[in-house]
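Thank you all for making the time this morning. I would like to walk through one model with you, moving from single residues to a ligand site and then back out to the chain as a whole.

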Amino acid sequence: MAAPSSSGADRAPFDLAVALRDAGMSALGTAGLAFPILALRAEQDMSNQLVLQQRWPLMLIAAMALTALWSYVIERVAYRPLRGSFRLAPLISAIGMSIFLMNFVQVVQGPRNKSIPPLISGVVEIPIGSGSITIAWKQLIIFTVTALLLGAFWYIVQKTPLGRSMRAVEQDRKMASLLGIDVDRTISLTFVIGASLAAIAGALYMVRYGVINFADGFVPGVKAFTAAVLGGIGSLPGAVVGGLLIGLIETMWSHYFSSDYKDVAAFSILAVTLIFMPSGLLGRPEVEKV
Amino acid sequence: MSAAPALAGVAGSGRQPGKPLLTLSGVETFYGKIQALKGIDIEVREGEIVTLIGANGAGKSTTMMTVFGAPRARRGTIIFDGRDITRLEPHQIARLQIAQSPEGRRIFPRMTVYENLQMGASINNFAHFDEDLERVFAMFPRLRERAQQRGGTLSGGEQQMLAIARALMSRPRLLMLDEPSLGLAPLVVRQIFDVIAELNRTQGLTVFLVEQNAFHALKLAHRGYVLVNGAVTMAGAGAELLARPEVRAAYLEGGH
Ligand SMILES: Nc1ncnc2c1ncn2[C@@H]1O[C@H](COP(=O)(O)OP(=O)(O)OP(=O)(O)O)[C@@H](O)[C@H]1O
Ligand SMILES: [Mg+2]
């Protein structure tokens, strides 16, 4: 084919999945931050669970707004100036931002664990054959919320004009602008959406573990990245499969070996995937003529 | 969005050149230190087909992209419909209903044909989307058959059709085409040029056409400009340029 391909530089620097992951990574720490701050406020007020149970929707919205704002500012100062720079630049910037955020939270909130009273308790028994399995309500709720959000996010990306613009910007930023898409605004919105989702993830983390400190966002962030790499960067179903796999592997590992070293499992997967299967399980096939 | 729909424009056959729609004056564009455009003056009037021909590297594609502000002209002015657009952002320029089928086609490879066409209609918020879709499918029936196929897997010719159809989905007041004949079979080239002529004749669509295929382009266009090394060296009616010995010698050997 005779057509000259347009310069790679126009296409490389914005990757939807990478943007979401960066937004997520830098946001998870702060998300975990916003929710407990508000939770603690509630605790001091009356020191009882009831207040938390009444106020959590408000706190969640506040956490999302705060995290989205953070993320918007971070995109402006730490990513936008690097657009069109070499591919690794935003990643390095993301790591820098993540270190900055953790330290910032440490200074503001102190280095110790913060906790909230349990928000959801109790278990459900599901009878299976002669026996039954027991699942905690909070786990069931986490699972359900995650599934619903995934569905909503998938719908936004695949079916709405905003999602289409996001994909167009990812695939060819310059062409998107020639069709009237405001590239800067689209990327900002992507970060804001990613960060709001991370805020919910942070809140779910609190529901699950009940305690958090300034550095707790880091490991989940890297694991989320591992899940995305394992599933194939750029593939939403891949991220789901990757996440489930990582969870299963960690659980098995803890059961058969030692739970002290379960992070080793996740990080080994990251290394092995990057070396032997860089496009992941469901990564996009590279058969395209452009 | 304000402006009147493009396709209601100028009455067809009796060619009364309309008012100037796009005017480039003294436009200079640089890539770093390299000067690609050395002060060019081009005018496109409403209802006209104007072509820009020139050898490889003359600056034809640069001219088209400069109109969109990517890269931005370092000197000179670009007026569209009476408004200075020299300093606007590319997406703001696109929203004035200037559409481009750029060099290399730039189809979104991991979007379907249908989604690519939806992207073309973004600026008018999908008003009259179905109607416009029917129109481009009637022009290029191939695209209807391929509607759910990914853009990146289309053949070169199909991608070219899609690029033009995508540009038309915005109901442009000015359609800019960068080498629509590139890499296509003569029959398809003929078909695409027929479509352009038809749109211009029946709906008064204004077209700015960049071509290597000077013979076809000059026959189709009302007026043409010859670009050499970033400067306009000749301008005139299409037929007139076609008759000039210099043009024939430089751009038309080997016929069409
Ligand atoms: N991104 C760029 N960076 C540096 N120089 C460039 C760039 N794009 C184009 N040029 C240079 O500018 C000049 C004009 O290029 P342009 O693409 O406008 O030519 P053209 O007339 O469209 O050629 P062709 O018929 O081959 O498409 C060429 O010398 C080219 O090398
Ligand atoms: Mg060119």
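**Notes from the walk-through**

Let me begin in chain B with Ala94(B), which belongs to helix 2 of that chain. Before going further, I should say that what you see is a predicted model, and everything that follows should be heard with that in mind. Ala94(B) has a relative accessible area of 1%, and because the cut-off for buried is under 20%, it falls in that class. If you look from there to Thr153(B), the two residues are separated by 59 positions in sequence, and their C-alpha atoms are 27 Å apart in space.

Staying with this part of chain B, the loop between helix 2 (90-94) and strand 6 contains Gln97(B). This residue has a positive phi, about 70°, although it is not a glycine. Is Gln97(B) buried or exposed? Its relative accessibility is 8%, so it counts as buried.

A second case of this kind is Arg171(B), where phi is again positive, at about 50°, and the residue is again not a glycine. Arg171(B) sits in the loop that runs between helix 6 (156-168) and strand 7 (174-178) of chain B, and with a relative accessible area of 10% it is buried.

There is one more backbone feature to point out, namely the peptide bond between Ala70(B) and Pro71(B), which is cis, with omega at about 5°. Pro71(B) is placed in the loop between helix 1 and strand 4 (75-80) of chain B.

Helix 1 brings us to the ligands. Which element contributes the largest share of the shell around ligand 1? That is helix 1 of chain B, residues 60-67, which supplies three residues. The shell has 13 residues, and those that come nearest to the ligand are Lys60(B), Ser61(B), Thr62(B), Glu103(B) and Gln212(B). By class, the shell divides into four nonpolar residues, six polar ones and three charged ones.

As for individual contacts, the side chain of Lys60(B) places an N or O atom 2.6 Å from an oxygen atom of ligand 1, and a polar side-chain atom of Gln212(B) is likewise found 2.6 Å from a ligand oxygen. The backbone takes part too, since a backbone N or O atom of Gly57(B) lies 2.8 Å from an oxygen atom of ligand 1. On its own, ligand 1 has 630 Å² of accessible area, and the protein covers 60% of that.

Two of the residues just named appear again at ligand 2, the magnesium ion. Its protein donors are Ser61(B), through OG, and Glu103(B), through OE, at distances of 1.9 to 2.2 Å. Ser61(B) is in helix 1, whereas Glu103(B) is in the loop between strand 6 (98-101) and helix 3 (113-120) of chain B, so the pair ties together parts that are 42 residues apart in sequence. How do the two donors compare in burial, buried or partly exposed? Ser61(B), at 16% relative accessibility, counts as buried, while Glu103(B), at 35%, counts as partly exposed.

Stepping back to chain B as a whole, its secondary structure comes to ten helices and ten strands. Along the principal axes, the C-alpha atoms fill a box of roughly 45 × 40 × 40 Å. For 256 residues, a compact globule would be expected to have a radius of gyration near 18 Å, and chain B, with 17 Å, agrees with that. Buried residues make up 60% of the 256 residues in this chain.

Finally, two residues in chain A deserve a look. Glu75(A) is part of helix 2 of that chain, which covers residues 49-79, and at 1% relative accessibility Glu75(A) counts as buried. What joins the side chain of Glu75(A) to that of Arg83(A)? It is a polar contact of 2.7 Å between the two side chains.

The other residue is Ser165(A), which is found in helix 5 (residues 161-171) of chain A and is buried, with a relative accessible area of 11%. Ser165(A) and Val183(A) are 18 residues apart in sequence, and from C-alpha to C-alpha they are 8.4 Å apart in space.

Key:
Residues numbered from 1 in each chain as written. Chains lettered and ligands numbered in written order. Predicted model: local features only at pLDDT ≥ 70, side-chain atom pairs only at ≥ 80, totals over all residues. Heavy atoms only, no water. Near = heavy atom within 4 Å. Polar contact = N/O pair within 3.5 Å; in protein donor to acceptor, adjacent residues only side chain to side chain. Areas by Shrake-Rupley, 256 points an atom, 1.4 Å probe, with all protein chains shown as cover. Helix = DSSP H or I, 4+ residues; strand = E, 2+ residues; numbered from the N terminus. Nonpolar A, V, L, I, M, F, W, Y, C, P; charged D, E, K, R; others polar. Donors = N, O, S within 2.8 Å, 3.2 Å for Na, K, Ca; no water. Buried < 20%, exposed > 50% of the residue type's maximum accessible area, 1.4 Å probe, protein only. Rg over C-alpha atoms; globule rule 2.2 N^0.38 Å.
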